[in-house]
Amino acid sequence: MEGNGGNYTDKTRVLDIKPLRTLRPVFPSGNQAPPFVCAPPFGPFPPGFSSFYPFSSSQASQHTPDLNQAQYPQQHQQPQNASEPSLVTPLRSFRSPDASNGNTELEGSTVKRKIPKRRPIARPENMNFESGINVAERENGNRELVVSVLMRFDALRRRFAQLEDAKEAVSGIIKRPDLKAGSTCMGRGVRTNTKKRPGIVAGVEIGDVFFFRFEMCLVGLHSPSMAGIDYLVVKGETEEEPIATSIVSSGYYDNDEGNPDVLIYTGQGGNADKDKQSSDQKLERGNLALEKSLRRNSAVRVIRGLKEASHNAKIYIYDGLYEIKESWVEKGKSGHNTFKYKLVRAPGQPPAFATWTAIQKWKTGLPSRQGLILPDMTSGVESIPVSLVNEVDTDNGPAYFTYSTTVKYSESFKLTQPSFGCDCANSCKPGNLDCHCIRKNGGDFPFTGNGVLVSRKPMIYECSPSCPCSTCKNKVTQMGVKVRLEVFKTANRGWGLRSWDAIRAGSFICIYAGEATDKSKVQQTMADDDYTFDTTHVYNPFKWNYEPGLADEDASEEMSEESEIPLPLIISAKNVGNIARFMNHSCSPNVFWQPVTYENNSQLFVHVAFFAIAHIPPMTELTYDYGVSRPSRTENDNPLYGKKKCFCGSAYCRGSFG
């Protein structure tokens with residue numbers, strides 16, 4: 001109705017308007033008048049024409065004052081001095097009921113539209129990208145899929161970090177490649193376990209470590225990228241109610257120092273508001289979900305937040321299922337009420353956070369490491385000590401060898417081509433094509449700012465000790481071991497190597513030190529040597545680098561991951577070597593080798609460097625694929641059959657190596 005001076009509008013008349021995109025223009029023919037006119041929505045208009053709702057405004061009213069004043073409400077008009085209209089209704093608001101694909105219900109004269117869930121929109125350049133994960137796998141994962149998703153995310157994150165480092169060197173702006181990589185994977189289906197559930201998440205194992213919150217989102221362990229409590233709504237006795245599925249303990253305010261299996265968790269909320277004042281926490285959302293889980297006796301997944309020593313950053317370790325035993329309210333430091341929850345770890349689960357706390361005590365020396373033989377078997381050669389431990393039998397250590405962190409090359413392996421380093425003053429800058437060493441790497445800096453390898457390449461060129469860039473980050477493999485390692489006795493494979501610290505994917509571990517020469521000189525002498533590395537072996541191929549399509553790059557420019565060694569190289573660590581000699585073989589390894597070259601005393605040498613394939617939890621054995629000799633014989637239709645029986649225990653064990 002239009003009574004009371006035109007202050008009301010009949011909404012049914014507005015809702016009956018057809019959307020503009022359904023109207024077909026009718027062009028006059030012959031001498032019909034007036035002629036067809038196309039004018040801006042707010043004018044100016046030729047004589048005899050005017051604006052129409054919802055484009056009417058004070059700007060249009062200058063041309064049609066009577067029409068606007070009589071038919072449209074006061075709130076749709078602007079002051080005379082306004083330059084743009086306000087509260088303009090978008091065209092999508094006038095969607096007809098029959099065009100809603102069943103999402104509109106008619107109730108009398110009122111249209112009630114159901115809002116569909118918002119879905120990520122792929123950009124045009126990625127319309128052909130296929131994640132390779134079907135709908136069933138996206139809802140419910142498995143171990144292989146979880147590992148794959150995490151590797152694909154981190155490969156993309158490293159690439160984005162590499163690109164951002166190059167921009168930062170010019171602009172000084174630091175961005176978050178992890179957030180960009182996470183949102184990209186989310187939007188393009190590189191994820192799993194999207195079906196939210198309490199309890200165990202398929203494919204995620206207790207003790208798994210995460211270096212970014214988004215990783216937990218992509219595998220369904222903890223959905224919120226920031227909130228500490230995740231929950232879902234279930235049917236209760238009288239109404240629907242929330243129950244908690246997982247919590248992330250920051251480690252700042254939570255914990256029970258005396259018992260690693262007990263967690264005192266602080267509720268959410270009560271933070272500073274717009275007035276910079278804290279307030280009482282409320283029994284809502286996550287706090288209410290924890291309270292309901294307590295009443296239901298429902299277990300909650302717990303992820304512990306820890307500080308990473310090597311990169312001075314936060315890491316997260318999945319510690320399994322906890323039961324909520326009690327809750328209470330107490331005054332926080334700000335004087336306001338906070339909720340507290342006591343959670344106790346369910347029995348029978350493998351240790352995770354408890355192992356971490358034990359390691360922290362070993363580092364202080366109290367108590368001493370059980371089974372410790374030597375606190376530092378390198379005798380100070382490595383900057384970080386390497387423990388020698390035996391908790392299996394009475395063996396006091398491996399056979400004697402000389403510890404060395406370098407490779408000694410024979411005359412036959414010296415490369416005769418000249419080597420030219422860079423002339424950068426302080427350090428090489430990512431994206432600086434004037435740097436000779438960066439140009440050798442195809443124009444890209446091979447490592448991120450924190451020393452993580454971006455991609456596998458046929459060869460990586462580092463700056464040499466003779467380059468003037470003394471503080472350069474392109475000397476990662478020359479800086480020695482950066483994590484706390486220990487050599488330990490295994491149950492059935494002799495001595496092995498593992499780390500006290502969590503190792504990030506792409507992190508450098510060590511080189512293979514020893515005595516190197518080309519294979520033609522050592523065919524006979526190395527026959528009985530178990531401590532050798534042979535670059536001519538055949539290896540199971542695997543993909544580790546980022547997907548160009550996922551990174552919006554041309555797939556035709558994808559780099560090869562096959563190594564290119566100028567001469568057949570074999571390194572023996574039987575008499576002289578380092579910790580790499582203790583890394584055992586596995587058909588499903590967590591470490592890979594990468595050829596790296598740099599100049600030394602005007603000679604160019606190739607080194608074998610080891611990097612982490614994926615995130616490696618503390619106290620996990622480090623292994624790499626030894627490959628098989630070429631040519632290898634075939635057994636049981638297996639073309640990669642080696643000389644020695646394999647005891648790696650992997651589900652994908654090929655039965656032999658070497």
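A salt bridge is a side-chain nitrogen of Lys or Arg within 4 Å of a carboxyl oxygen of Asp or Glu. The legends below describe close-up views of a predicted model.

**Figure 1. A salt bridge joins the side chains of Arg-369 and Glu-486.** The N to O distance is 3.0 Å. Arg-369 lies in the loop between α10 (353-364) and β10 (372-374), while Glu-486 belongs to strand β15 (residues 485-489), so the contact ties together parts that are 117 residues apart in sequence. Arg-369 has a relative accessible area of 7% and is therefore buried. Glu-486 is buried too, at 0%. The two residues are part of a network of salt bridges that also links Glu-391 and Arg-498.

**Figure 2. Glu-205 and Arg-143 meet through their side chains in a salt bridge.** The N to O distance here is 3.6 Å. Glu-205 sits in the loop between α7 (177-187) and β3 (209-210), and Arg-143 in helix α6 (residues 143-171); the pair links distant parts of the chain, 62 residues apart. Glu-205 counts as partly exposed because its relative accessibility is 41%. Arg-143, at 30% relative accessibility, is also partly exposed.

**Figure 3. Lys-543 forms a salt bridge with Glu-558.** The closest N and O atoms are 2.6 Å apart. Both residues lie in the loop between β19 and β20 (569-572), so this salt bridge ties together parts that are 15 residues apart in sequence. Lys-543 counts as partly exposed, with 41% relative accessibility. Glu-558 has a relative accessible area of 42% and is likewise partly exposed. The whole structure contains 29 salt bridges.

**Figure 4. The rings of Phe-533 and Phe-610 form an edge-to-face pair.** A pair of aromatic rings is described by the distance of the centres and the angle of the planes. For Phe-533 and Phe-610 the centres are 6.1 Å apart and the planes stand at 85°, so the pair is edge-to-face; the cut-off for that class is over 60 degrees. Phe-533 comes from strand β19 (residues 532-534) and Phe-610 from strand β24 (residues 603-612), so parts 77 residues apart in sequence are tied together. Phe-533 and Phe-610 are both buried. They belong to one aromatic cluster with Tyr-512, Tyr-539, Trp-593, Tyr-624, Tyr-626 and Phe-657. The count of aromatic pairs comes to 19.

**Figure 5. Arginine side chains lie over the rings of Trp-544 and Phe-592.** The charged end of Arg-158 sits over the ring of Trp-544, at 3.7 Å from the ring centre. Arg-456 is placed over the face of Phe-592, and the distance to the ring centre is 5.6 Å.

**Figure 6. Strands β14, β23, β24 and β17 form an open sheet in that order.** The pairing in this four-stranded sheet is mixed. Strands β14 (460-461) and β17 (508-511) are at the edges with a single partner strand each, so one side of each has no neighbour in the sheet. Strand β23 (residues 591-600) runs antiparallel to β24, and 10 bridges join the two. One of the bridge partners in β24 is Leu-604, which is matched with Glu-599. Phe-610, shown in Figure 4, also lies in β24.

Technical notes
Residues are numbered from 1 along each chain as its sequence is written. This is a predicted model: local features need pLDDT of at least 70, side-chain atom pairs count only at pLDDT 80 or more; totals for chains, interfaces and linings use all residues. Side-chain values use heavy atoms; hydrogens and water are left out. Rings of Phe, Tyr and Trp (its six-membered ring) pair if their centres lie within 6.5 Å; planes under 30 degrees apart count as stacked, over 60 as edge-to-face and the rest as tilted. Buried means under 20% relative accessible area, exposed over 50%, partly exposed in between (1.4 Å probe, protein chains only). A charge sits over a ring if NZ of Lys or CZ of Arg is within 6 Å of the ring centre and within 35 degrees of the ring normal. Two strands pair if DSSP finds at least two bridges between them.
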